[in-house]
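Trainee: I should like to go through the terms used for this model and see on what grounds each one is applied.

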Amino acid sequence: MGSACIKVTKYFLFLFNLLFFILGAVILGFGVWILADRSSFISVLQTSSSSLKVGASVFIGVGAVTMFMGFLGCIGAIKEVRCLLGLYFVFLLLILIVQVVAGVVFYFNMGKLKEEMGNIVTKLIEDYKDGQEDRLQDAWDYVQAQVRCCGWASFYNWTANAELMNRTRVTYPCSCEDEEDRGDLVKKGFCEAPGGNSTDGGNNPELWPVYREGCMEKVQVWLQENMGIILGVCVGVAVIEV
């Protein structure tokens, strides 16, 4: 009876650690995605935000250690190697502490991250150059086109761009254009409105054929949902570890 219980416990330990290995790979993948993404808002944020870079590095570190821990646990459980099981429990304790600390830090820095996002996008809009090949500009054009929004708080944010407002004809950010069927095509730079003759008031934003809603709320919801998934996976791993 005793040997049967030990055998059942051994295989349960193996299955739990196989799950750790898989979840560790998922957490590692999230970290790599944050650093490698080049076509969404994450690309804009991670280039300028130190907080997100640190967070991505933590995810990669936690994911790698969790995978290694799962590997040690699997081998130690099947082969009944005490040394590996000892290392396993040390790593288990360390990874649990790191996850709790990272979760607390991330939770209390959400407000700072949102503020940082606003500053980054506002600066990007002000410095946007027509016809310039720039990864950040391309990423923001992609966000505005896909999310169907314009500017940060509203399309009026673009009035802070001197190059755009110095145009004598009605000119607007191309990626903001309010189109019913734009497909996957993302326009870049500045576009002149059809029949956009020069006006006495210069480039009047009220005449722009663009989305009126800003991207702030939509981007924050998108970021919160994705970060919620990541934190959910981390909490799931921590619960299993306990």
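The discussion below takes up elements, disulfides, cores and the surface in turn.

Mentor: This is a predicted model, in which local features need pLDDT of at least 70 and side-chain atom pairs count only at pLDDT 80 or more, while totals for chains, interfaces and linings use all residues. Residues are numbered from 1 along each chain as its sequence is written, and side-chain values use heavy atoms, with hydrogens and water left out.

Trainee: What makes a run of residues a helix or a strand, and how many of each are in the chain?

Mentor: The elements are DSSP runs numbered from the N terminus: helices are H or I with at least four residues, strands are E with at least two. The chain has eight helices and two strands, in the order α-α-α-α-α-α-α-β-β-α from the N terminus.

Trainee: How do you know that C150 and C176 form a disulfide?

Mentor: A disulfide is a pair of cysteine sulfur atoms within 2.5 Å. The sulfur atoms of C150 and C176 are 2.2 Å apart, so the pair meets the definition. The torsion about their S-S bond is about 90°, and the disulfide is therefore right-handed. Because C150 lies in the loop between α6 and α7 and C176 in the loop between β1 (171–173) and β2, the pair ties together parts 26 residues apart in sequence.

Trainee: Which other pairs are joined by a disulfide?

Mentor: The search of the whole structure finds three disulfides. C149 is joined to C215, S to S 1.9 Å; this pair links the loop between α6 and α7 (162–165) with the loop between β2 and α8, 66 residues apart. C174 is joined to C191, also with S to S 1.9 Å; here the loop between β1 and β2 is linked with strand β2, 17 residues apart. With bonded cysteines counted along the chain, the pattern is 1-6, 2-4, 3-5.

Trainee: Why is C149 called buried, and I22 partly exposed?

Mentor: Buried means under 20% relative accessible area, exposed over 50%, and partly exposed in between (1.4 Å probe, protein chains only). C149 has 0% and is therefore buried; C215, also at 0%, is buried by the same rule. I22, in helix α1, has 46%, so this residue counts as partly exposed. Of the 242 residues of the chain, 40% count as buried.

Trainee: What makes a set of residues a nonpolar core?

Mentor: The set must consist of buried Ala, Val, Leu, Ile, Met, Phe, Trp, Tyr and Cys residues joined through side-chain atoms within 4.5 Å. The largest such core has 28 residues, and W140, C150, W158, W208 and V210 have the most contacts inside it. Helix α5 supplies the largest share of this core, five residues. Apart from it lies another core of ten residues, among them A56, F59, Y88 and I95.

Trainee: Why is the group that includes V8 and F68 called a nonpolar patch?

Mentor: Patches are made of residues with over 30% relative accessible area and no salt bridge (a side-chain nitrogen of Lys or Arg within 4 Å of a carboxyl oxygen of Asp or Glu). Like charges are joined within 9 Å, and nonpolar side chains (Val, Leu, Ile, Met, Phe, Trp, Tyr) within 5 Å. I22, at 46%, is over the 30% limit, and this residue belongs to the patch together with V8, F68 and others. The patch has about 1,000 Å² of accessible area together, by the Shrake-Rupley method with a 1.4 Å probe, where for residues only the protein chains shown count as cover. Helix α1 gives the most to the patch, with nine residues.
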